[in-house]
Amino acid sequence: MAPLRKTPLLLLTGFLGTGKTTLLRRWIREPEFHGAMVIVNELGEVGIDQQLLGAGAEQPRLLENGCACCEGAGDVASMLEDLFYDRLHRNIPDFSWVLLETTGLADPGPILDLLAESELVRERYDVAGIVTTFDARSGLQQVEAYPEILRQLQSASLVLLTRCDVAAERDVAAARQLIERVNPFAPILHSAGANVAAQDLLAVLPDFGGRLSISGPAQHTRDVTTAFLALPDSLSMAALRSALTQAAQMQRGELLRVKGVVRLIGQDAAHVVQVTAVGDVQIEPADFGTGAAPFGLTLILKGAPAQAMAETLASNLSFRGLKRLGAGSESSPLTPI
Ligand SMILES: [Zn+2]
């Protein structure tokens, strides 16, 4: 009897805003990951990463019900089981890889534990590795406040040091030192503007065999909340930029991420908005179809209610003459085990 064909599964992890989605977008367009099944797990109820990744072949799957390492425990294994049967019954095209992008706060250990509990997942999938992104510019400050970053580095089979193009040389060197101390076995690749090709990644990805027990209970930041601010109407680019810059300054140290899709006055293309924890505001045209996009922003905060920031942002925008701003949904606290 021929041995079972196992599908390799790559876990892509890394803190909020460290460039996971940008790298993944690149890789799924390259031959090595052609036809890969992409599973995205994000904080907040609006799947912006899923949209960002969209334009490929098979629509990425969105893993809902919260963070896969704690809140949505079990969902990731059942999704892999469903995908296996869907492929077997030819309801979906064949896939040669599974690429799983975790939330920025995820501890990879408990996710692997969950996968190992499913007999079908053990038989049919093979964990090929854990790739962790670490931001060369802001990672060193963030690591002190967020223990999950250390867990993500400890679990890594390979670390991608991102934003090396905008980080100072001494920060890149200090980041390397930290990574080497925390995880001396993981090769480190430098990424500048997501310039690491899938081929380069796979060339240095170590064999993952036998490293499945790395966990313990999920180590996870508490008191993180998310809120979605619906922005159905067109906004002024200048007003949006200044409201976001102001909000990011007010929430210094508490704002983890703002991410979303908006419409701008006088612009045909929808725009992707991102604000990182260090307060960089990026507003760029979306290069994907946004027919059914829920226009608005997902806010992720630690230690302060995201809903309050959504309300402040909404009122700052309406002071600037914009009307009918959606009130947004309830703040949803992330309550890990
Ligand atoms: Zn989690």
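In which sense, parallel or antiparallel, do E10 and strand E11 (residues 281-285) pair, and over how many bridges? I began my notes with this question, and I keep in mind throughout that the model is predicted. I looked up the pairing and found that E10 and E11 run in the antiparallel sense, joined over five bridges.

**Entry 1: around strand E10**

I picked one position to fix the register between these two strands, and there Val272 stands opposite Glu284 in E11. The two strands form a hairpin, with five residues between them, and in the turn I noted Gly279, which has a positive phi of about 90 degrees.

I then turned to the other partner, strand E9 (residues 255-262), which is joined to E10 by five bridges and also runs antiparallel to E10. Here the position I wrote down is Gly260, which stands opposite Val273 in E10.

Next I asked which residues cover the two sides of E10. On one side I found His271, Val273 and Val275, on the other Val272 and Gln274, and all of them are buried, so that both faces of the strand are covered. Since five of the five residues of E10 (residues 271-275) are buried, I take the strand to be largely enclosed by the rest of the structure.

**Entry 2: the chain as a whole**

I stepped back to the totals, and counted 11 helices and 13 strands in the chain. Of its 337 residues, 47% count as buried. I also looked at contacts between residues at least 6 apart in sequence, and among these 78% join residues at least 24 apart.

**Entry 3: the seven-stranded sheet**

I followed an open sheet of seven strands, whose order is E3-E2-E4-E1-E5-E6-E7 and whose pairing is parallel. At its edges I found E3 and E7, each of which pairs on one side only. Neighbouring strands of this sheet are turned by 25 degrees against each other on average, with direction ignored.

Within the sheet I looked at E1 and E5, which run parallel and are joined by eight bridges; one position I marked is Leu9, which stands opposite Val127 in E5.

I then asked which strands helices H7 and H8 lie across. H7 lies across E1, E5 and E6, and runs at about 130 degrees to E5. H8 lies across E5, E6 and E7, and runs at about 160 degrees to E6.

**Entry 4: helix H3**

I checked the length of helix H3 (residues 75-88) against expectation: at 1.5 Å a residue its 14 residues should span 20 Å, and its end C-alpha atoms are 20 Å apart, which agrees. The buried residues I listed for H3 are Val76, Ala77, Met79, Leu80 and Leu83. Seen down the axis of H3, these buried residues fall within an arc of 160 degrees, so they line one face of the helix. The face turned away from the buried side carries Tyr85 and Leu88, which are exposed.

I wanted to know what the buried residues of H3 pack against, and I found strand E2 (37-41), strand E3 (61-63), strand E4 (98-101), helix H4 (108-117), helix H5 (119-124) and strand E5 (125-135). After H3 comes Arg90, whose phi is positive, near 55 degrees.

**Entry 5: helix H4**

I went on to H4, where the buried residues are Pro108, Gly109, Pro110, Ile111, Leu112, Leu114 and Leu115. Because seven of its 10 residues are buried, I noted H4 as largely enclosed by the rest of the structure. Its buried residues pack against strand E1 (7-14), H3, H5, E5 and helix H7 (147-155).

**Entry 6: two loop residues with positive phi**

Where does Arg163 lie? I found Arg163 in the loop between strand E6 (158-162) and helix H8 (169-182). Although Arg163 is not a glycine, its phi is positive, at about 60 degrees. I also asked whether Arg163 is buried or exposed: it has 25 C-beta neighbours inside 10 Å, and the cut-off for a buried residue is 20 or more, so Arg163 counts as buried.

The other residue I looked up is Ala194, in the loop between strand E7 (188-190) and helix H9 (198-204). Ala194 is not a glycine either, yet it has a positive phi of about 50 degrees. With 20 other C-beta atoms within 10 Å, Ala194 is buried.

Note on methods. Residues are numbered from 1 along each chain as its sequence is written. This is a predicted model: local features need pLDDT of at least 70, side-chain atom pairs count only at pLDDT 80 or more; totals for chains, interfaces and linings use all residues. A residue is buried if 20 or more other C-beta atoms lie within 10 Å of its own, exposed if 12 or fewer, and partly exposed in between; C-beta atoms are placed from the backbone. Helices (H or I, at least four residues) and strands (E, at least two) are DSSP runs, numbered from the N terminus. Two strands pair if DSSP finds at least two bridges between them. Two residues are in contact if their C-beta atoms, placed from the backbone, lie within 7 Å. The expected span of a helix is 1.5 Å times one less than its number of residues. The arc is that of the directions from the helix axis to the C-beta atoms. Axes are lines fitted to C-alpha atoms, for helices over the stretch in contact, and angles run from 0 to 180 degrees between N-to-C directions.
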